[in-house]
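This report describes a pocket, a sheet and some aromatic rings. Please keep the sequence and the 3D view open while reading.

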Amino acid sequence: PTSIPLGPLEDGSVSSFTYEITNHGLIRADDLSLRLPSHPFLTFDYVDDVGHVPANTTLFVTVKVTMSTTRRQRRGNLFDCLKGIASYSYDCGGKKANKVGLPFTRQKP
């Protein structure tokens, strides 16, 4: 997904989601890792160091979401947007690194 909606995760109607990670290039992506944001009462359980993604290949990373037992009742001061990061490197005339944002957003009523 291009953005993860926070509402269904926070109200418990969604307990997991899957990132589809595609390397459209002709060079293997190395050292792929995910760093998801901190949240007041959600815990994200996932493989953070994915490894490498061969050229022209798609991988799927499932993230399980657990709600803490100390969930806050008020939602007024929660974040409207959180951002995780996917980082990777590749070798093309020397090692180069890149990062991609992984946004989590709250839909406004």
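Ala, Val, Leu, Ile, Met, Phe, Trp, Tyr, Cys and Pro count as nonpolar here, Asp, Glu, Lys and Arg as charged, and the others, Gly among them, as polar. The model is a predicted one.

**The largest pocket**

The lining of the largest pocket is made up of 14 nonpolar residues, six polar ones and one charged one. The space in this pocket comes to about 410 Å³. There are 21 lining residues, and those closest to the centre of the pocket are I21, T22, A86, Y88 and V100.

Which elements give two or more residues to this lining? They are strand 2 (16-23), strand 3 (29-35), strand 7 (81-91) and strand 8 (95-105). Strand 2 supplies the largest share, with five residues.

**The open sheet**

Strand 2 also belongs to an open sheet of three strands, in the order 2-6-4 and with antiparallel pairing. Strand 2 and strand 4 (42-45) are at the edges of this sheet; each has a single partner strand, so one side of each has no neighbour in the sheet. On average, neighbouring strands in the sheet are turned by 25° against each other, direction ignored.

Four bridges join strand 4 to strand 6 (residues 57-67) in the antiparallel sense. Opposite L42 stands M67, a residue of strand 6.

**Aromatic rings**

A pair of aromatic rings is described by the distance of the centres and the angle of the planes. The structure contains five aromatic pairs. Two of the pairs are set out below.

| Pair | Distance of centres | Angle of planes | Kind |
|---|---|---|---|
| F17 and F44 | 6.5 Å | 75° | edge-to-face |
| F44 and F104 | 5.4 Å | 50° | tilted |

Why is the pair of F17 and F44 called edge-to-face? The planes of these two rings are at 75°, and planes over 60 degrees apart count as edge-to-face. The planes of F44 and F104 are at 50°, so that pair is tilted.

The pair of F17 and F44 links distant parts of the chain, since F17 lies in strand 2 and F44 in strand 4, 27 residues apart. The pair of F44 and F104 also links distant parts: F44 is in strand 4 and F104 in strand 8, 60 residues apart.

Are these residues buried or exposed? F17 and F44 are both buried, and F104 is buried as well. Through ring pairs, F17, Y19, F44 and F104 are linked into a cluster.

Note on methods
Residues are numbered from 1 along each chain as its sequence is written. This is a predicted model: local features need pLDDT of at least 70, side-chain atom pairs count only at pLDDT 80 or more; totals for chains, interfaces and linings use all residues. Side-chain values use heavy atoms; hydrogens and water are left out. On a 1 Å grid over the protein atoms alone, a cavity is a set of points where a 1.4 Å probe fits but cannot get out, and a pocket is an open set with protein on both sides within 12 Å along at least five of seven lines; lining residues have an atom within 4 Å of a point. Grid points are joined across faces, edges and corners, and a volume is the space filled by probe spheres set on the points. Two strands pair if DSSP finds at least two bridges between them. Axes are lines fitted to C-alpha atoms, for helices over the stretch in contact, and angles run from 0 to 180 degrees between N-to-C directions. Rings of Phe, Tyr and Trp (its six-membered ring) pair if their centres lie within 6.5 Å; planes under 30 degrees apart count as stacked, over 60 as edge-to-face and the rest as tilted. Buried means under 20% relative accessible area, exposed over 50%, partly exposed in between (1.4 Å probe, protein chains only).
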